[in-house]
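Okay, thanks for coming, everyone. Let me put the structure up and then walk you through the packing, the charged pairs and the cysteines.

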Amino acid sequence: MLRIVIVDDEVLIREGLARMISKESSDFAVIRTYPDGKQLLDELPALQFDVLITDIRMPQIGGLELIRLLKASHPHIRSLLMSGFVEFDYAREAIRSSAVDYLLKPINKEQLFDVLYSLDKERTLLREKEERHRSGMLLSMLHIEEPSAVLIGGLILPQPYFSVFVLKGDSPETVCSCTDSLRQEKDNGFDVLELRQGLQVWIWYSAQPLESAELSEIRRYLQAASAGHTLHVGISRSYADAAKLRTAYLEAKHACDCGIYQSRPLHYVTIEELILPDKAGSELFAPYREPLVHDLQILNVEGVLAGIHKLFSELASQCAYPEQILRMCREMEELARKEVQEFEAVYRNGLTMTLEEQLESCLAFADMEKLFASSLSSALSSIRAHRLELSGTAVETIKRWISANYNQHADLNTLAGMVYLTPSYLSKLFKQETGLTLTDYIIEIRIRKAKQLLKNAPDLKIHEIGTEVGYPDPAYFNKLFKKVVGVTPNEYKRISSV
């Protein structure tokens, strides 16, 4: 919308011109008329407009002087000069004063509107260019903790003050509808930054810090535009320093995030209305760690889900912010990754969004718990089912490996990893199926091989046979062999050779 001010000392001319312009198009708005340039200057800088239409001769400050003064203080304002005089000197002076055009009275409507439409198009293109440039800088400022002086100096805001709004809706359409509706009423009043679908940031500009009446008016627009859909809106304090943009964004985000604990369709709150809770620390996870480790190791999915529910109940009691909830979820993920070897591959398989993106999309605390518990449960249940399928062949796989590699060190964790079982579960399963522990089974295989060599390889010395079957220490080999067989290796070799 092109905002126009008319200055002429003849009331009939200025009021008639205002009516004519207002009837022409809703894109033109005559916001004020004045009988003299001095009165207009007295109301600056609070007066915001795009085009000045002024007479040349007026009692105190004439049109040419008014244009020169405006050009010095408000170079973006374009000027149209009108007069009943046709002398060339006036036209030449008007051009020197940077007037867009020189209009003769009575005003030619066609000429006037040609100029106004041209100015409106020019203003729209310029504004769009400025908004694109400003939006890029604003996005950077939101994510930089300490922006450089160069970045701050290059950011020119339309008004002295700004406030940040963070909007999150149950769908991208809800948020966009609210933005479009308000933009029709508040043309050029705020910049819109889309962080992702359904999540927007508004940088709202004002001549003074936003007051409760203005905030209430914005709330009424959003209430009507959201039409019963879920919409969470958080508002920061008002600031005049561009370096505070990130601070304002974090304030608005905190206020918006608190909407997960209420059930009203519209959550609309300023940071000043909140009682900020203490941050949920990492110590919150500590009491639940050991029980969760146990349940993860034996893949007790129900036990894991019960532990998660207790954790979320604790988070809810502290009114934790989403980033604090996310931190707890990451700790739980890391624990599962450590205790369940296959977890990472199975958990990430098929995910189209990161955990953070999924949780950010939730508008209720219960939904956050349900989403996380469901994804974790699905992965653990899949791993458990796979292990049950493998359990029948796992022991045979381990036995074959030991038979082929009996002289190598057999680390329990490595063996368990081969068959995707936890070490404790593999030990239990192996003893159940063979009647021996893994250690005893390996000893049995090695001693059996040693007996074969003692019988069939007379050229090998006793210590060489010990090394061959995995016991490089001769004393230990002799002691272990006698314990298992009942005689020393030398005695067994002598008996076997008879």
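I'm going to start with a cysteine. Cys362 is buried, with a relative accessible area of 7%. Cys329 is buried as well, at 1% relative accessibility. So, two buried cysteines; how many disulfides does a search of the whole structure find? Zero. For Cys329, the nearest cysteine sulfur is that of Cys362, and that one is 9.8 Å away. Turn it around and you get the matching answer: Cys362 is in no disulfide, and its nearest cysteine sulfur belongs to Cys329. A disulfide here needs the two sulfur atoms within 2.5 Å, so at 9.8 Å Cys329 does not pair with Cys362.

Quick word on confidence, since this is a predicted model. The mean pLDDT of the chain is 87, with 94% of residues at 70 or more. Which element has the lowest mean pLDDT? That's helix 4, residues 88–96, with 64, while strand 9, residues 231–235, has the highest, 96. Where pLDDT is low, the predicted coordinates should not be read in detail.

Now the packing. The largest nonpolar core has 36 residues, and the ones with the most contacts inside it are Ile325, Met332, Phe343, Phe372, Leu376 and Leu380. Which elements give two or more residues to this core? Helices 10, 11, 12, 13, 14 and 15. Helix 15 gives the most, eight residues.

If you want one residue to click on, try Phe372. Leaving out its neighbours within four places in sequence, Phe372 is in contact with Ile308, Phe312, Cys329, Met332, Glu333, Tyr347 and Leu355. Yes, that's our Cys329 again, in the list of Phe372 contacts. There's also another core apart from this one, of 30 residues, including Val419, Leu421, Ile447 and Leu480.

Let me stay on helix 12 for a second. Its 18 residues should span 26 Å at 1.5 Å a residue, and the end C-alpha atoms are indeed 26 Å apart, so the two agree. The buried residues in helix 12 include Ile325, Cys329, Met332 and Glu333.

Helix 12 also has a charged pair. Arg337 and Glu334 form a salt bridge, 2.8 Å from N to O, and they sit three residues apart, about one turn of the helix. Both ends are partly exposed: Arg337 has a relative accessible area of 26%, and Glu334 has 45%. Then there's a network, where salt bridges with shared partners join Lys253, Asp257, Glu323 and Glu360.

How many salt bridges does the count come to? It comes to 18. Two others I'd like you to look at. In helix 5, residues 109–143, Arg123 and Asp120 are also three residues apart. Their side chains meet at 3.3 Å, N to O. Buried or exposed, that pair? Both are buried.

The other one is Arg32 with Glu43, a salt bridge at 2.9 Å, N to O. This pair links distant parts of the chain, with Arg32 in strand 2 and Glu43 in the loop between helix 2 and strand 3, 11 residues apart. Arg32 is partly exposed at 35% relative accessible area, and Glu43 is partly exposed too, at 30%.

That's my tour; happy to rotate to whatever you'd like to see.

Definitions and conventions
Residues numbered from 1 in each chain as written. Predicted model: local features only at pLDDT ≥ 70, side-chain atom pairs only at ≥ 80, totals over all residues. Heavy atoms only, no water. pLDDT = per-residue confidence, 0-100. Helix = DSSP H or I, 4+ residues; strand = E, 2+ residues; numbered from the N terminus. Core = buried A, V, L, I, M, F, W, Y, C linked by side-chain atoms within 4.5 Å. Buried < 20%, exposed > 50% of the residue type's maximum accessible area, 1.4 Å probe, protein only. Contact = heavy atoms within 4.5 Å. Expected span 1.5 Å × (residues − 1). Salt bridge = Lys/Arg side-chain N within 4 Å of Asp/Glu carboxyl O.
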